[in-house]
Amino acid sequence: MSSNRILIFDTTLRDGEQSPGASLNVHEKLEIAHQLAKLKVDVIEAGFPVSSPAQFEAVKRIADEVDAIIAGLSRANEKDIKAAADSLYSAPRKRIHTFSSTSDYHILGKFGHERYGSTLQEKRKTILKMSYDAVAYAKTFTDDVEFSAEDAGRTDIGYLAEVIETAIEAGAATVNIPDTTGYTLPFEYGEKIAELKRRVKNIDKAIISVHCHNDLGLAVANSISAVQNGARQVECTINGIGERAGNASLEEFVMALNVRKDLLNYYANINTHEIYNTSKMVSAFTGMLVQRNKAIVGENAFSHESGIHQDGVLKNRETYEIMTPESVGIINNKIVLGRHSGRHGLKSRLEQLGYKVSEEELQHIYDAFTELADKKKEVFDDDLRMLMGDEIQKKDEIYELVYLQVHTGTNSIPNAVVRIKIGDRVIEEAATGDGSVDAVFNSIERALGIKSEVESYQVRSVTSGREAMGEVLVRIRSGGKSFTGRGISTDIIEASAKSYLSALNQKEQYAKEVETLNQNEKLSEVI
Ligand code: KIV
Ligand code: ZN
């Protein structure tokens with residue numbers, strides 16, 4: 001491999017999924033993983049297998065089906081590592097990614113218990129040993145082991161160098177230096193990488209990776225600075241999603257390398273033409289909208305508002321554009337589907353948008369598509385993405401909306417009637433509310449006998465025009481966790497009902513997972 005090649009390690013399905021409210025079901029993860037393979041990322045971090053049965057299952061399914069190096073995260077202990085190894089078993093190319101905390105903040109905060117030592121020095125020694133043992137154990141399952149020093153950005157350089165040297169000695173092929181809290185500045189972080197290259201005597205035996213969070217908006221700048229100082233793997237996510245302010249955005253980092261090859265003599269193997277489809281898919285499945293002015297993939301990234309700019313671009317695009325929309329896969333698609341479009345046309349359009357559709361899925365989507373095409377004359381790509389998202393979301397659904405009726409008016413009290421299917425049962429309930437949406441939510445709560453706190457409610461139109469489809473995102477909070485539901489319809493009240501039910505479905509699935517986890521834990525205590 002050329003020494004200027006930068007490996008792209010995508011963690012959308014692991015760190016990205018840790019964004020508050022962004023949970024994805026197994027089917028959505030699988031679809032995204034296939035798209036990431038099309039984008040040609042080198043490594044897909046598919047999840048944190050030990051953390052729940054659903055995470056384990058998702059990593060396993062991706063390992064079974066997707067062609068890339070598939071990574072599973074684990075803390076530095078045998079139970080986590082074994083779970084990662086088991087979930088990755090069938091992957092032809094697998095990586096176990098194990099991590100230890102290395103900054104004083106983390107050591108004192110997370111390893112405060114006496115059993116790790118009574119002084120900071122003793123605790124550091126314990127972590128050094130844990131790191132060595134974790135890498136050595138992971139190596140019994142695969143040669144491809146990555147070690148991360150969590151909060152390396154705030155870790156004392158002397159200790160960091162010692163931990164990294166130890167991890168390489170134990171066999172780590174990749175050593176990751178995360179700026180976990182997004183604290184460092186580009187020159188400082190670059191210098192940290194350069195200093196590690198100077199201090200760690202076996203550093204040439206491993207690839208240096210970087211993983212930057214965006215708390216100060218510097219994640220991509222820090223990643224570039226690290227590359228200039230010797231890092232050869234960059235960890236990032238689609239649309240920059242991730243814990244808190246997110247991770248380095250894949251599309252921004254990759255396009256910075258592409259556009260500024262004059263100064264950055266490095267390259268990644270990414271198929272940039274798949275960037276836009278991937279961004280849209282991740283946004284549709286996670287319910288995390290991309291801000292309009294987001295670099296590369298935001299709605300305004302290639303629009304020119306002022307007359308002077310429009311005139312300039314018409315005369316010569318390069319006046320105000322440093323890359324073309326086509327280079328990231330934004331094509332001004334003139335083909336619009338309508339009620340006379342057939343199944344074949346629909347399937348090939350969905351495939352062009354990056355979706356893999358089975359015959360059964362196609363039948364469902366085709367039915368939804370013809371229903372939509374009856375309501376609105378033209379069906380656009382964004383409508384299709386929403387239909388696809390809806391279809392995949394429904395696969396794990398526990399509650400299904402089968403009927404909705406709403407009465408409202410200027411001088412009347414809004415009321416709603418819902419019928420919800422749960423397995424073989426159908427429950428009907430009615431309720432009033434402050435407004436139609438409130439009445440719908442109240443009737444759903446009454447039917448299911450639950451109450452939940454609505455954290456946020458957002459409505460947006462998927463495309464333009466008065467018959468456009470509306471998307472509603474409802475975020476609810478329960479047991480200290482957020483769940484975002486999505487619902488689509490040309491009627492926003494119906495979309496609201498679907499969205500609320502979708503959030504409740506996720507909450508229910510999560511509760512089931514926790515129950516299974518507890519049962520497994522009890523079982524392992526008995527055994
Ligand atoms: O931010 C971080 O430090 C992480 C590690 C687990 C790599 O996500
Ligand atoms: Zn992270």
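**Nonpolar patch.** I began with the nonpolar patch and looked up which element gives the largest share of it, and in this predicted model that element is strand β12 (residues 453–461), with 3 residues. The patch covers about 300 Å² of surface, and I listed its members as Val454, Tyr457, Val459 and Ile492. I then placed Ile492, which is found in helix α16 (residues 492–526). Ile492 has a relative accessibility of 39%, so I noted this residue as partly exposed, since that class lies between the limits of 20% and 50%.

**Zinc site.** Next I went to the zinc ion (ligand 2) and recorded its donors as Asp15 through OD, His211 through NE2 and His213 through NE2, at 2.0 to 2.1 Å. Along the sequence I wrote the spacing of these donor residues as D-x195-H-x1-H. Asp15 sits in the loop between β1 (7–10) and α1 (26–39), whereas His211 belongs to strand β7 (residues 207–212), so the pair ties together parts that are 196 residues apart in sequence. I also checked burial for these two, and both Asp15 and His211 are buried.

**Three-stranded sheet.** Last, I traced an open sheet of 3 strands, whose order is β9-β10-β11 and whose pairing is antiparallel. Its edge strands are β9 (399–407) and β11 (425–432), each of which pairs on one side only. For the turn between neighbouring strands of this sheet I noted 15 degrees on average, with direction ignored. Looking at one pairing in detail, I found that strand β10 (residues 415–422) and β11 run antiparallel and are joined by 8 bridges, and that Ala416 stands opposite Ala431 in β11.

Conventions: Residues numbered from 1 in each chain as written. Chains lettered and ligands numbered in written order. Predicted model: local features only at pLDDT ≥ 70, side-chain atom pairs only at ≥ 80, totals over all residues. Heavy atoms only, no water. Patch = residues over 30% accessible without salt bridge, like charges linked within 9 Å, V, L, I, M, F, W, Y side chains within 5 Å. Areas by Shrake-Rupley, 256 points an atom, 1.4 Å probe, with all protein chains shown as cover. Salt bridge = Lys/Arg side-chain N within 4 Å of Asp/Glu carboxyl O. Helix = DSSP H or I, 4+ residues; strand = E, 2+ residues; numbered from the N terminus. Buried < 20%, exposed > 50% of the residue type's maximum accessible area, 1.4 Å probe, protein only. Donors = N, O, S within 2.8 Å, 3.2 Å for Na, K, Ca; no water. Pairing = 2+ DSSP bridges. Axes fitted to C-alpha atoms, helices over the stretch in contact; angles between N-to-C directions.
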